[in-house]
Amino acid sequence: MTIGAEQRLREMGITLPAPPKPLGAYVPAVQAGNLLFLSGALPMEGGVPKFRGRIGAALTLEDGRNATRLAALNALALAKQHLGSLDKVSRVVRLTVSLLTTPEFGDHPKVADAASELFAEVFGADEASTRMVSGVASLPAGACVVVEIVLST
Amino acid sequence: MTIGAEQRLREMGITLPAPPKPLGAYVPAVQAGNLLFLSGALPMEGGVPKFRGRIGAALTLEDGRNATRLAALNALALAKQHLGSLDKVSRVVRLTVSLLTTPEFGDHPKVADAASELFAEVFGADEASTRMVSGVASLPAGACVVVEIVLST
Amino acid sequence: MTIGAEQRLREMGITLPAPPKPLGAYVPAVQAGNLLFLSGALPMEGGVPKFRGRIGAALTLEDGRNATRLAALNALALAKQHLGSLDKVSRVVRLTVSLLTTPEFGDHPKVADAASELFAEVFGADEASTRMVSGVASLPAGACVVVEIVLST
């Protein structure tokens with residue numbers, strides 16, 4: 001019998017943060033057919049972005065990974081808020097990780113893996129997503145990462 | 001009886017710009033199932049981008065909002081060109097706003113709201129989209145914003 | 001009788017590169033309904049990115065076009081690896097081209113056309129995709145471009 005995402009979260013002792021409130025006139029999630037589009041999620045903790053600054057300068061690669069995992073947890077909190085239960089998620093179809101980095105930074109995959117590894121823990125390593133990662137010039141509230149996912153249900 | 005998007009546009013006195021011509025070998029819109037993917041729309045007026053430069057430097061936040069609303073109007077013009085009528089739009093599923101900003105800029109949500117607020121006026125505030133916003137390093141023709149939408153029909 | 005994408009590749013003497021290995025904990029492609037989402041593809045040749053640096057500085061516009069065509073070929077290699085044959089592709093629905101440029105660069109459409117022109121050669125000029133292009137601040141391994149596509153099957 002397959003173990004669901006909610007049971008996996010419990011077994012690993014992962015507590016999702018409170019779903020972040022939208023920062024403007026948008027909604028956290030919209031379902032279209034069997035795809036669930038989620039808004040971009042920042043590394044929010046207690047209503048403010050926890051990691052600010054550029055990866056490769058003020059922030060280390062490990063800071064970037066911690067921020068990316070936190071942003072991914074925020075994305076899951078949004079998905080759970082919309083669906084009621086993460087057991088309704090069939091798969092993470094697409095993961096976009098946008099990182100605030102120095103111009104010379106090139107280790108984006110190692111940072112983005114912090115999100116991919118979380119999703120592997122929650123949804124199973126056999127069901128990895130596609131991924132797109134890039135370095136951006138600026139982000140809302142000076143956050144160092146935004147994570148955007150499209151799920152299938 | 002529900003008021004449609006076309007009637008809302010008329011009542012608010014909003015005139016869509018001429019749909020911008022593609023800047024290369026692509027098309028404005030492709031339908032896949034009930035999703036309509038639109039190409040990125042710049043703040044075009046009379047065939048040239050109206051707002052050029054970085055938000056936070058040459059351009060103010062208010063300039064950025066005006067540019068973002070104009071780009072969103074261009075996106076709606078593309079959708080109408082493809083569909084014949086915006087009444088065929090069920091919802092804006094996903095809105096991506098990419099802004100040309102200074103490195104320190106952090107008020108992306110206020111700028112992106114200019115697009116979200118336009119869509120609320122046209123399609124109703126109860127049907128807001130998901131949203132992803134980030135700061136980019138450069139944009140075609142020096143424009144300060146590109147708006148990309150995915151609609152459901 | 002329609003000529004398929006595989007025959008077009010043969011007639012034009014285009015050989016796809018070996019499909020690039022993921023740089024982290026993600027997969028090259030995920031199908032959701034009739035949409036096939038692909039991971040971002042770099043201009044890989046022999047396991048390393050061939051074009052590194054900024055378009056407009058170390059790299060010319062023509063370098064950028066060559067890199068973008070190579071990245072698009074890598075994306076097609078990923079699609080073929082997943083589908084078995086590119087004849088199963090109905091259309092390129094969406095093409096995202098993210099370019100590493102100088103801050104002043106504005107000729108993104110000319111660079112991105114290298115990918116659009118390749119897809120026109122392979123899938124037919126009447127079936128062009130939607131497109132989104134922007135300049136990013138940094139990319140994995142210092143590559144100058146990443147190409148991301150969504151296909152319908």
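The exercises below work through how the chains of a predicted model fit together and which charged side chains pair within them.

Residues are numbered from 1 along each chain as its sequence is written, and chains are lettered from A, with ligands numbered from 1, in the order in which they are written. Because the model is predicted, local features need pLDDT of at least 70 and side-chain atom pairs count only at pLDDT 80 or more, whereas totals for chains, interfaces and linings use all residues, and side-chain values use heavy atoms, with hydrogens and water left out.

**Exercise 1. Work out which rotation lays chain B on chain A, and what it says about the two copies.**

Step 1. Two copies of a chain are related by a rotation about an axis and a shift along it. The superposition is done by least squares on the C-alpha atoms of residues with pLDDT of at least 70 in both copies.

Step 2. A turn of 120° with a shift of 0.0 Å along the axis lays chain B on chain A, and the RMSD is 0.0 Å. The two copies are therefore related as by a three-fold rotation axis.

Step 3. The copies use different surfaces, since 17% of the contact residues of chain B recur in chain A, where contact means heavy atoms within 4.5 Å.

Step 4. Chain A is superposed on chain C by a rotation of 120° with 0.0 Å of shift along its axis, again given with an RMSD of 0.0 Å.

**Exercise 2. Describe the interface of chain A and chain C, from its area down to the elements that supply its residues.**

Step 1. On the side of chain A, 23 residues are in contact with 25 residues of chain C.

Step 2. The buried area (the accessible area, with a 1.4 Å probe, that two parts lose on being put together, summed over both) is about 1900 Å² here, and carbon and sulfur atoms give 62% of it. In chain A, the residues that lose the most area to chain C are Thr130(A), Arg131(A) and Met132(A), which together make up 26% of what that side buries.

Step 3. One salt bridge is counted between chain A and chain C, a salt bridge being a side-chain nitrogen of Lys or Arg within 4 Å of a carboxyl oxygen of Asp or Glu. Arg94(A) forms a salt bridge with Glu148(C), with the closest N and O atoms 2.8 Å apart.

Step 4. Strand 5 (91-100), helix 3 (108-123) and strand 6 (130-136) of chain A are the elements that give two or more residues to the side that touches chain C. Helices (H or I, at least four residues) and strands (E, at least two) are DSSP runs, numbered from the N terminus. Strand 6 of chain A gives the largest share of this side, namely seven residues.

**Exercise 3. Find the salt bridge between chain B and chain A, and say which residues of chain B lose the most area there.**

Step 1. Chain B and chain A bury about 1900 Å² between them, with 63% of it on carbon and sulfur atoms. Thr130(B), Arg131(B) and Met132(B) lose the most area to chain A, together 27% of what the side of chain B buries.

Step 2. The salt bridge joins Glu148(A) to Arg94(B), and their closest N and O atoms are 2.8 Å apart.

**Exercise 4. Locate two salt bridges that lie within a single chain, and decide whether their residues are buried or exposed.**

Step 1. Over all chains the structure holds 24 salt bridges. One of them pairs Glu127(A) with Arg91(A), whose closest N and O atoms are 3.6 Å apart. Glu127(A) is in the loop between helix 3 and strand 6 of chain A, while Arg91(A) is in strand 5, so that the pair links distant parts of the chain, 36 residues apart.

Step 2. A residue is buried under 20% relative accessible area, exposed over 50%, and partly exposed in between (1.4 Å probe, protein chains only). Arg91(A), at 19%, counts as buried, whereas Glu127(A), at 33%, is partly exposed.

Step 3. In chain B, Glu121(B) forms a salt bridge with Arg69(B), the closest N and O atoms being 3.4 Å apart. Because Glu121(B) lies in helix 3 and Arg69(B) in helix 2 (residues 61-83), the pair ties together parts 52 residues apart in sequence. Glu121(B) is partly exposed at 29%, and Arg69(B) is partly exposed at 26%.
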